[in-house]
Amino acid sequence: MSTRIAFLKGHGTENDFVIVPDPENVIDLPPSAVAALCDRRAGVGGDGLLHVVRSAAHPEARDMAGEAEWFMDYRNGDGSVSEMCGNGVRVFARYLQRAGHVAAGDLAVATRGGVKTVHISKDGDITVGMGKARLPEGDVTVSVGGRSWPARNVNMGNPHAVAFVDDLAHAGDLYSPPPFNPATAYPDGVNVEFVVDRGPRHVALRVHERGAGETRSCGTGACAVAVAAARRDGADPAVTGTHATYTVDVPGGTLVITERPDGQIEMTGPAVIVAEGEIDSAWLESAIR
């Protein structure tokens, strides 16, 4: 790395990200570099990193280039690769708008979880088509301290275990991954959501994100929670034939999730760019040795 590297910082309902624009995929970002950048004390700080690359320039996205010009190469805060991040897609789209690559309206974003449709509204909110949820079979439980709960297994392109609890404090500190059973249910780890009811079609959650710990928000987690709540409430759109819309409060704000009768899920919420600057390449090289 011989030059300074441009970066931005953004968040979606306080799920925050380091954004590294790299259209031609020339910047080397090994896991150690991502972890250093996401470090909240010694780096820029973030729950994850959004590596902004043209789909045609990235080997994992070239086959999606005909549908989506841009690929969200998403990394967790510990440097590990992730399939998808719902809040990240909104922030990714906001960056593309800010940089002049796209205007308000519709666009497509390639992710490891497939191509996502995005709508940037003129009033500021961004809606992401999150695709369909998969509901793997099998009973799962999650535990914190001496308590255990049954959890709904929901896959939104990444795995989630959704547990309905009486009090969000029962989730504990969420610094470390809550144990789950059976161990074979999630061979690559899992995002765990603890959920309470706030009112009709209105829930609140806390989440442990795989590779990041507790975060202020999780977009795919909010979708998984809405899907699990609809099944619990007898409001499965495929059965009722009508949309199911849930308001989902997260520690960092509020998201609105709608599941349609065809199974497609839409997530609407804010996305904000808060800063931009340059990463000192000498610091980064030193940080990852």
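What follows is a conversation about how several descriptions of this predicted model are reached.

Colleague: Why is H208 called buried?

Modeller: H208, which is found in strand β13 (residues 202-209), has a relative accessible area of 3%, and since buried means under 20%, the residue is therefore classed as buried.

Colleague: What makes the approach of L174 to H208 a polar contact?

Modeller: The backbone oxygen of L174 lies 3.0 Å from a polar atom of the H208 side chain, and the cut-off for such a pair is 3.5 Å, so the distance falls within it. Among the other residues that H208 touches, not counting residues up to four places away in sequence, are Y175, P177, V190 and E214.

Colleague: How do you know that D22 has no salt bridge?

Modeller: The nearest side chain of opposite charge, R75, is 7.8 Å away from D22, whereas a salt bridge requires the side-chain nitrogen and the carboxyl oxygen to be within 4 Å, so the pair does not qualify. D22 is nevertheless buried, and it is found in the loop between β2 (15-21) and α1 (31-38).

Colleague: Which side chain does D22 join through a polar contact, and what makes it count as one?

Modeller: The side chains of D22 and H51 are joined at 2.8 Å, which is within the 3.5 Å allowed for a polar contact, so the term applies. Leaving aside neighbours within four places in sequence, D22 is also in contact with I27, V52 and V53.

Colleague: Which residues of the helix that follows this loop are buried, and what covers them?

Modeller: In α1 the buried residues are A33, V34, A36, L37 and C38, and their cover includes β2, β3 (48-54), β4 (70-76), β18 (272-279) and α5 (281-287).

Colleague: Why is strand β7 (residues 126-132) described as largely enclosed?

Modeller: Six of the seven residues of β7 are buried, so the strand is largely enclosed by the rest of the structure. The case of strand β5 (residues 105-111) is argued in like manner, because five of its seven residues are buried.

Colleague: What makes β6 (residues 114-120) and β7 a pair of strands?

Modeller: Pairing requires at least two bridges, and four bridges join β6 to β7, so the two strands, which run antiparallel, count as paired. H119 stands opposite T127 in β7, and the two strands form a hairpin with five residues between them, where G124 in the turn has a positive phi of about 115°.

Colleague: How do you know that β4 and β5 also pair?

Modeller: Two bridges join β4 to β5, and at least two are required, so this parallel pair meets the criterion; in β5, the bridge partner of W70 is V109. On the β6 side, β5 pairs in the antiparallel sense over seven bridges, with D106 opposite H119 and a hairpin of two residues joining β5 to β6.

Colleague: Where does β17 (residues 264-269) enter the picture?

Modeller: β17 pairs with β7 in the antiparallel sense over six bridges, and T268 in β17 is the bridge partner of T127.

Colleague: Which residues touch the most other members of the largest nonpolar core?

Modeller: Of the 51 residues in that core, M72, V118 and I257 touch the most other members, while helix α3 (residues 219-232) supplies the largest share, nine residues. Apart from this core lies another, of 17 residues, among them V142, V165, F194 and A204.

How values were computed:
Residues are numbered from 1 along each chain as its sequence is written. This is a predicted model: local features need pLDDT of at least 70, side-chain atom pairs count only at pLDDT 80 or more; totals for chains, interfaces and linings use all residues. Side-chain values use heavy atoms; hydrogens and water are left out. Buried means under 20% relative accessible area, exposed over 50%, partly exposed in between (1.4 Å probe, protein chains only). Lys and Arg count as positive and Asp and Glu as negative; His and the chain ends are not counted. A polar contact is a pair of N or O atoms within 3.5 Å; within protein, one must be able to donate a hydrogen and the other to accept it, and residues adjacent in sequence count only if both atoms are side-chain atoms. Contact means heavy atoms within 4.5 Å. A nonpolar core is a set of buried Ala, Val, Leu, Ile, Met, Phe, Trp, Tyr and Cys residues joined through side-chain atoms within 4.5 Å.
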